[in-house]
Amino acid sequence: MLNDKGFSCKVLSIEFHLHLINRYSPRVLVFPYAIDSSRYPLCIFHGARFSRTKFVSLNWEQLLSASNKKFKSPKCDIVKNRVHHLAWDDEFKVFLEESGVSSDKVTVIGNPNVELLYKAMASTKEDIVSAKLKLGLQPNASIIFFPMNYGWAFSTDTVIRGKIKQGYDCSVAWEYRDYSYQCLVEFVSFVSSLSKTYNNAQIVIRPHPSISIEQYIDVFKKLNVSIPSNLKITKSYTVKEWMAVSDIVGSSWSTTVWDCHQMGIPAFLFTPIKRPVWLNIGWNDQVNNISSVEQFVELFVAKGSSVSAEFKYIDNIFKWLLSVNDVNNSELLGYNFLNDFNFKTSLYKARCGLRCFSAKYLNGIFVSKGAMRDYFDVRSDFRK
């Protein structure tokens, strides 16, 4: 949409391409998130080159639990007073304002993921059959989809200590990992039993973006549970594509369940162990929570689907970005930036460059499989 308006746009991966950023002098930089200017990825953009650039945060996670609110609240003056923030609703706007963000820097529009899901779900029956074939599924098979969010269960002690160092509550961090792993163990048993109850259905697990397929396979092996023939663990295709062809969607605590609930799509949270207060979010108790195959059977028999809403979030976000672009540059005066050369940011850029080279020429050697999901080739049209 921006290209159609005559703007020159570039999409870069924060995992692979930030070493290329000095080839640009962008008028607007859009981030998936921005918490602290000393943290990655925002720390990359210090220096005179970006002193007159408008910064935008899409705030890709907004349904925050109590344990995440303190950790993910804006920390510095630049994020609070210079960055323009997208809010899905008034509740998140209040959270940003209570965290010190200027109210004039927060715009409530809506969750673009809901609109993308709506468009995917609006397919005709023929389109659904075609999509199933594209995904390697039987046209008439029932699809039970699990976009899982057990990332903490796989965290090493080093990762946990790193989160604590960045401000995560110490007692909650260790408990979060233990709780996630206990639920993961129960989930493996649950899907194993579910596959036998619904042996003609296709069960699909899509791991959290930071977790590889191999890590899930290792959990099955460690628990001495065979992976059922009708179970697929995959990173192929997007969550929205899987949701569009699924009969029912379940997760640990992924917001995809809330998106489905809002649209009338059958969905549930798998909650084998009572959720801690610090992990609970308001919407968690408004959706179906189940802990057994028997409860799943009851829900599956009673399921219905009604996609009747219509959304204009993406068009409004587009108009908002244009308005940010038109903001007078005088609002940027007074913000002090680090020098262009900074050892820490240089290391981050070097890491991106090495990852990019490895992904492009060495089949991703020394790059984690979780990170490889974010790689794509960037054309060399840097002169625009």
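This is a short working chat about sheets, helices and side-chain contacts in a predicted model.

Me: What kind of model is this, and what are the ground rules?
Reply: The model is predicted: local features need pLDDT of at least 70, side-chain atom pairs count only at pLDDT 80 or more, and totals for chains, interfaces and linings use all residues. Residues are numbered from 1 along each chain as its sequence is written, and side-chain values use heavy atoms, with hydrogens and water left out.

Me: Sheets first. What is the strand order in the open sheet of 6 strands?
Reply: The order is 7-6-5-8-9-10, with parallel pairing. Strands are DSSP runs of E, at least two residues; helices are runs of H or I, at least four; both are numbered from the N terminus. Two strands pair if DSSP finds at least two bridges between them.

Me: Which are the edge strands?
Reply: Strand 7 (231–233) and strand 10 (288–290); each pairs on one side only. The twist averages 25° from one strand to the next. Axes are lines fitted to C-alpha atoms, for helices over the stretch in contact, and angles run from 0 to 180 degrees between N-to-C directions.

Me: How many bridges are there between strand 5 and strand 8?
Reply: 2 bridges, in the parallel sense, between residues 143–147 and residues 248–251. Phenylalanine 145 stands opposite valine 249 of strand 8.

Me: Which helix lies across strand 5 and strand 8?
Reply: Helix 10 (residues 256–263), which also lies across strand 9 (267–270) and runs at about 150° to strand 9.

Me: Threonine 256 is in helix 10. Buried or exposed?
Reply: Threonine 256 counts as buried, because its relative accessibility is 11%. Buried means under 20% relative accessible area, exposed over 50%, partly exposed in between (1.4 Å probe, protein chains only).

Me: What is threonine 256 in contact with?
Reply: Pro147, Val239 and Met243, leaving aside neighbours within four places in sequence. Contact means heavy atoms within 4.5 Å. The side chains of threonine 256 and serine 254 are also joined by a polar contact of 2.9 Å. That term means a pair of N or O atoms within 3.5 Å; within protein, one must be able to donate a hydrogen and the other to accept it, and residues adjacent in sequence count only if both atoms are side-chain atoms.

Me: Switching to serine 180. Where is it found?
Reply: In helix 7 (residues 170–197). Serine 180 has 0% relative accessibility, so it counts as buried. Beyond neighbours within four places in sequence, serine 180 touches Tyr150, Trp152, Ala153 and Trp253, by the contact criterion.

Me: Now strand 2. Which way do its residues point?
Reply: Lys54 and Val56 point one way, Phe55 and Ser57 the other, and all are buried.

Me: What does strand 2 (residues 54–57) pair with?
Reply: Strand 1 (residues 28–31) runs parallel to strand 2, joined by 4 bridges. Strand 3 (residues 84–87) is also parallel to strand 2, with 2 bridges. Valine 56 is the bridge partner of valine 30, and histidine 84 is the partner of valine 56 in strand 3.

Me: Last topic, rings. How many aromatic pairs are there?
Reply: The structure holds 30. In one, tyrosine 237 and tryptophan 242 have ring centres 6.5 Å apart and planes at 80°, so the pair is edge-to-face. Rings of Phe, Tyr and Trp (its six-membered ring) pair if their centres lie within 6.5 Å; planes under 30 degrees apart count as stacked, over 60 as edge-to-face and the rest as tilted. Tyrosine 237 is partly exposed at 32% relative accessibility, while tryptophan 242 is buried at 0%.
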